[in-house]
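Q: Could you take a close look at one part of this protein for me, and then follow the thread into the rest of the fold? I would enjoy one connected tour rather than a list.

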Amino acid sequence: SGDYEMLKAAQDAAANTIELLGVTVLTSQSNLEGIGVKNSVKDQIKLLVNLAIKTKISGVIASAQDVSLIRSISKELKVFCPGIRSGEDKQDQKRVMSYSDFSKIADDKCFAVIGRPIIEGDPVQNIKKIIQSVK
C-alpha cells in the first residue's frame, strides 16, 4: 500500500543487497472495495506493476491468474504466485490456479509458491503428484 517515495526509499536502502518484491492484488473485487480501493482488480494490478517498474524493485507477488496481464506490461519483473492448488480445494484463497495450468503460462521469471498442497499429508508424495500433473 506504499507509494512511489516509500518503495523508492526501500529500494535505495536495499542497495542491491536484497531483492524487493511488491504485492499486487491477491484478493477479489469485493475485498478490494472493502478496503476502499475503487479501481477494478485489473486496473489496480496495472497501477501497482507500473509502480514496481518505476521504483526498480525486482518483482511482484501476484495471483497466477494475472501473469498474462503482468507480462503485457513487463517481461522483466519476477512474478511469485501463491495460491497454487491442486483440485478444487481453495482453502482460504479466492484466486487460485493448479500447478498444471500455471506451468503452461509461466516463463523463467515466474515462480509458483506452493505451501499447504505440499505439507498437508505426505510431502514427498504430494510433490510427486504436483510434478506428475504437468506430464
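A: Happily. Let's start at Asn126, which is in contact with Pro117, Ile118, Glu120 and Gly121 once its neighbours within four places in sequence are left aside. Please keep in mind throughout that this is a predicted model. Asn126 has its place in helix H7, which covers residues 123–132. With a relative accessible area of 11%, Asn126 falls under the 20% limit and is therefore buried. A polar atom of the Asn126 side chain lies 3.0 Å from the backbone oxygen of Ile118, and Ile118 is also among the contacts of Asn126 just mentioned.

Another of those contacts, Glu120, is worth a stop. Glu120 is found in the loop between helix H6 (116–119) and H7. Unlike buried Asn126, Glu120 is partly exposed, at a relative accessible area of 47%. For a sense of scale, the C-alpha atoms of Glu120 and Asp3 are 37 Å apart in space, with the two positions 117 residues apart in sequence. The C-alpha trace of the protein chain spans about 45 × 35 × 25 Å along its principal axes.

Now let's step back to the whole chain. The secondary structure comes to seven helices and four strands, and along the sequence the pattern reads α-β-α-α-β-α-β-α-β-α-α. Of the 135 residues in the protein chain, 33% are buried. Among contacts with a separation of 6 or more, 54% join residues 24 or more positions apart.

The four strands form an open sheet, in the order S1-S2-S3-S4 and with parallel pairing. Strand S1 (21–23) and strand S4 stand at the edges with a single partner strand each, so one side of each has no neighbour in the sheet. From one strand to the next, the twist averages 25°. As a reminder, the strands of a sheet pair through backbone hydrogen bonds, in either a parallel or an antiparallel sense.

Let's look at S3 within this sheet. Strand S2 (residues 59–61) runs parallel to S3, and three bridges join them; here Ile61 stands opposite Phe80 in S3. S3 also pairs with S4 in the parallel sense, again over three bridges, and Cys81 has Ala112 in S4 as its bridge partner. In a regular strand, side chains alternate between the two faces of the sheet. In S3, Val79 and Cys81 make up the covered face, while Lys78 and Phe80 make up the uncovered one.

Phe80 leads us to the aromatic rings. Two aromatic pairs turn up in a search of the whole structure. In one of them, the rings of Phe80 and Phe111 have centres 4.7 Å apart and planes at 20°, so this pair is stacked. Phe80 lies in strand S3 (residues 78–81) and Phe111 in strand S4 (residues 110–112), so the pair ties together parts that are 31 residues apart in sequence. Both members are partly exposed: Phe80 has a relative accessibility of 23%, and Phe111 has a relative accessible area of 33%.

Tyr99 and Phe102 form a tilted aromatic pair, at 6.1 Å centre to centre and 35° between the planes. Tyr99 and Phe102 both lie in helix H5 (residues 99–105), three residues apart, which is about one turn of the helix. Tyr99 counts as partly exposed at 27% relative accessibility, whereas Phe102, at 3%, counts as buried.

One further ring has a charge for company. The charged end of Lys54 sits over the ring of Tyr4, 4.8 Å from the ring centre.

Let's finish with another buried polar side chain to set beside Asn126. Gln44 has its place in helix H3 (residues 41–55) and counts as buried at 12% relative accessibility. The side chain of Gln44 makes a polar contact of 2.8 Å with the side chain of Asn39. Beyond residues up to four places away in sequence, Gln44 touches Val25, Leu32, Val37 and Asn39. When you have both places on screen, compare the partners: for Asn126 the polar partner is the backbone oxygen of Ile118, while for Gln44 it is the side chain of Asn39.

Conventions: Residues are numbered from 1 along each chain as its sequence is written. This is a predicted model: local features need pLDDT of at least 70, side-chain atom pairs count only at pLDDT 80 or more; totals for chains, interfaces and linings use all residues. Side-chain values use heavy atoms; hydrogens and water are left out. Helices (H or I, at least four residues) and strands (E, at least two) are DSSP runs, numbered from the N terminus. Buried means under 20% relative accessible area, exposed over 50%, partly exposed in between (1.4 Å probe, protein chains only). A polar contact is a pair of N or O atoms within 3.5 Å; within protein, one must be able to donate a hydrogen and the other to accept it, and residues adjacent in sequence count only if both atoms are side-chain atoms. Contact means heavy atoms within 4.5 Å. Rings of Phe, Tyr and Trp (its six-membered ring) pair if their centres lie within 6.5 Å; planes under 30 degrees apart count as stacked, over 60 as edge-to-face and the rest as tilted. A charge sits over a ring if NZ of Lys or CZ of Arg is within 6 Å of the ring centre and within 35 degrees of the ring normal. Two strands pair if DSSP finds at least two bridges between them. Axes are lines fitted to C-alpha atoms, for helices over the stretch in contact, and angles run from 0 to 180 degrees between N-to-C directions.
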